[in-house]
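Work through the exercises below with the model open beside you, and try each task before you read its solution.

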Amino acid sequence: MATANKVTVIPCGAMTADLTWLLIKPGKSITDRHHKDAPPPWVDVPTHCVLVETDEGKVLWDTSCPSDWEERWAPTGLQDFFPYDKASDDEYLDARLNQLGVGLDEIDYVILSHLHFDHAGNAQMFKNTNAKLVCHEREKDFAFNFEGPFNGAHLKADYEGLDFQTVSGDTDFLPGIKLIETPGHTVGTMSMQVDLPDTGTMIFTSDAVYMGESFGPPATPAAIVNNLEDFYKSVEKLRGIQEKTGAQMVFGHDAEQIHQLRVAPDGSYT
């Protein structure tokens, strides 16, 4: 079985938000009558990217949030619901890549799990580079063809003017890298499976699964789900792969898990 060489998880600080956006769960974001006056909890919503090194090139998975988030997101109104206010200058993606000594010209592919503003927020960094940008074909069709400057958390300013290659179905992309179709959160959300020689299999769920509590079992949905039936199918699809491979699951925005991983600039997986 072909394997990748190295995985580096790149933490990029955190947004904060009402937990209900991420988890609709009794006792967590749904209260009983005895707690009806209590406000819903606000939580950290960490954001990360992943650098995967293979014999056939370097892949950057997702691009996190932009440093000018407040102005960029202003048309959507969502800057008040997902402020990217727990990120320091050295946690923005460009600073992280500098810390790793990885130039933009060294990245061969930028794969966007989906085109929401906290995952495609720095895609324009790669406009004049040799990196090939990749997303799911259904995601591209939706993201480029709605009316107006934004639709929910899809913000055209993040990706307009960029050329995207597309994939469809589950796709063996490079040695050790498989892209998994996991719609539900958006029409074209993907997860990424990486097989490594020492670590074994890792699955980066992106927003197909926000956090460990979302994964369950049972799977627990969120306020931001495009298609609930697809969400449940995708979670169980990932669970089936995880059970078959023993994969380590890395969830999209898990505030506890991000501190348990080996992360950049000092840690990595081989």
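The exercises that follow concern a predicted model, and they deal with a sheet and with salt bridges.

**Exercise 1.** Find the order of the strands in the open sheet of 5 strands, and say which strands lie at its edges.

*Solution.* Begin with the order, which reads E9-E10-E11-E12-E13, with mixed pairing. Next, look for strands that pair on one side only, and you arrive at E9 (171-174) and E13 (248-251), the edge strands. Finally, follow the twist, which averages 25 degrees from one strand to the next.

**Exercise 2.** Describe how strands E10 and E11 pair, and name the bridge partner of Lys 178 in E11.

*Solution.* E10 (residues 177-181) and E11 (residues 190-196) are joined in the antiparallel sense over 5 bridges. Within E11, the residue that partners Lys 178 is Gln 193.

**Exercise 3.** Decide whether Arg 239 is buried or partly exposed, and do the same for Glu 236.

*Solution.* First locate the pair: both residues lie in helix H6, 3 residues apart, which is about one turn of the helix. Their side chains form a salt bridge, in which the closest N and O atoms are 2.8 Å apart. Then apply the cut-off, by which buried means under 20% relative accessible area. Arg 239, at 8%, is therefore buried, whereas Glu 236, at 39%, is partly exposed.

**Exercise 4.** Explain why the salt bridge between Glu 106 and Lys 58 ties together separate parts of the sequence.

*Solution.* The closest N and O atoms of this salt bridge are 3.8 Å apart. Glu 106 lies in the loop between helix H2 and strand E4, while Lys 58 belongs to strand E3, so the bridge links parts that are 48 residues apart in sequence.

Methods:
Residues are numbered from 1 along each chain as its sequence is written. This is a predicted model: local features need pLDDT of at least 70, side-chain atom pairs count only at pLDDT 80 or more; totals for chains, interfaces and linings use all residues. Side-chain values use heavy atoms; hydrogens and water are left out. Two strands pair if DSSP finds at least two bridges between them. Helices (H or I, at least four residues) and strands (E, at least two) are DSSP runs, numbered from the N terminus. Axes are lines fitted to C-alpha atoms, for helices over the stretch in contact, and angles run from 0 to 180 degrees between N-to-C directions. A salt bridge is a side-chain nitrogen of Lys or Arg within 4 Å of a carboxyl oxygen of Asp or Glu. Buried means under 20% relative accessible area, exposed over 50%, partly exposed in between (1.4 Å probe, protein chains only).
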